[in-house]
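I opened this notebook to record, entry by entry, what I looked up in the coordinates. My starting point is a helix and what surrounds it.

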Amino acid sequence: MEQLKLVDLDHVFSCPILKLQVPGYKNLNKKISSEARLWRKTAQGINVSNKGDSWHSPDGLLSRPEPGFSEISAMFPKAAAIYVKKVGSDIDLADYTFEANAWVNINKRGGYNAIHTHGRFHLSGVYYVKQPSVVSGESGMIEFVNSRFDHHIFRELNTNAFAPKISLRPNEGDMIVFPSTLLHSVYPNETDEERITIAWNLIFQRKDKATATIPNPSQLLKKGKATLKI
Ligand SMILES: [Fe+2]
């Protein structure tokens with residue numbers, strides 16, 4: 001009997017979560033860790049999803065002059081561009097600018113992030129600067145929740161494609177990228193070590209629909225806007 005021939009498998013309505021590793025992350029993370037701690041000493045955090053001993057910096061990381069912050073900021077549009085291509089979009093990024101913001105999270109013992117989205121944007125990302133070396137249970141894990149209503153039907157199939165939720169603990173130097181509308185939360189840090197991450201949001205805007213002209217990309221990246229040069 002002849003075998004069935006695979007013609008195609010199309011992941012329609014999918015929810016891709018991309019993981020990248022940033023080159024030279026060890027040195028970069030040393031710089032970012034000290035820059036983040038210093039920022040925390042000099043700036044009041046803001047209250048968003050962060051709870052417990054969780055410091056959420058102001059949103060202006062992209063305009064900070066520190067070398068570590070600047071270096072990682074340049075990676076966000078690159079990561080977004082990789083994501084767009086990997087999920088099969090055929091848009092020409094040369095036709096687009098983007099708007100972005102970014103901030104630092106420092107979760108100490110008990111710090112966590114309640115469930116939320118970043119829904120005004122297209123893509124969101126988290127870069128892992130410092131992860132506690134002690135790993136236990138769900139401490140510090142990021143959890144994504146399936147927004148489909150039918151996942152309970154597929155429980156027996158035991159696959160992430162239909163799971164009700166998934167939890168990740170990326171390594172230091174990893175950057176994950178996901179749709180901004182995807183519900184997510186961060187479990188409490190159950191260690192005495194800091195968990196430091198940088199979070200970002202990005203929305204693409206067609207140049208012919210953008211309201212502002214952008215004369216100097218390198219300057220405007222610091223303000224959160226730049227042309228896309230990947
Ligand atoms: Fe978030």
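Entry 1, helix H1. I am working from a predicted model, and I began by listing the buried residues of H1, which are Leu28, Asn29, Ile32, Glu35, Ala36 and Trp39. These cover an arc of only 135° around the axis, so they lie on the same side of H1. I then turned to the face of H1 that points away from the buried side, and there I found the exposed residues Lys26, Asn27, Ser34, Leu38 and Lys41. For the length of H1, residues 25-42, I compared the 26 Å that its 18 residues should span at 1.5 Å a residue with the 25 Å between its end C-alpha atoms, and the two agree. When I looked up what covers the buried residues of H1, the elements included helix H2 (67-73) and the strands S4 (96-107), S6 (123-130) and S11 (195-206).

Entry 2, the core. Next I asked which residues have the most contacts inside the largest nonpolar core. This core has 42 residues, and the ones I noted in answer are Ala80, Ala102, Val104, Val177, Ile198 and Leu202. The elements that give two or more residues to this core are H1, H2, H3 (75-86), S4, S6, S7 (142-145), S9 (174-179) and S11, and the largest share, 7 residues, comes from S4. I followed alanine 102 further and found that, leaving aside residues up to four places away in sequence, it touches Leu61, Leu62, Ser73, Phe76, Ile198, Ala199 and Trp200. As a general remark, nonpolar side chains tend to be buried together in soluble globular proteins.

Entry 3, helix H3. I checked H3 in the manner of H1: its 12 residues reach 16 Å from the first C-alpha to the last, close to the 16 Å expected at 1.5 Å a residue. Its buried residues are Phe76, Pro77, Ala79, Ala80, Ala81, Tyr83 and Val84. After H3 comes glycine 88, for which I noted a positive phi, near 90°.

Entry 4, strand S9. I closed with S9, which is mostly covered, since 5 of its 6 residues are buried. Strand S1 (residues 18-21) pairs with S9 in the antiparallel sense over 4 bridges, and here glutamine 21 stands opposite aspartate 174 of S9. S6 also runs antiparallel to S9, the two being joined by 5 bridges, and I recorded methionine 175 in S9 as the bridge partner of tyrosine 127.

Technical notes
Residues are numbered from 1 along each chain as its sequence is written. This is a predicted model: local features need pLDDT of at least 70, side-chain atom pairs count only at pLDDT 80 or more; totals for chains, interfaces and linings use all residues. The expected span of a helix is 1.5 Å times one less than its number of residues. A residue is buried if 20 or more other C-beta atoms lie within 10 Å of its own, exposed if 12 or fewer, and partly exposed in between; C-beta atoms are placed from the backbone. The arc is that of the directions from the helix axis to the C-beta atoms. Two residues are in contact if their C-beta atoms, placed from the backbone, lie within 7 Å. A nonpolar core is a set of buried Ala, Val, Leu, Ile, Met, Phe, Trp, Tyr and Cys residues joined through C-beta atoms within 7 Å. Two strands pair if DSSP finds at least two bridges between them.
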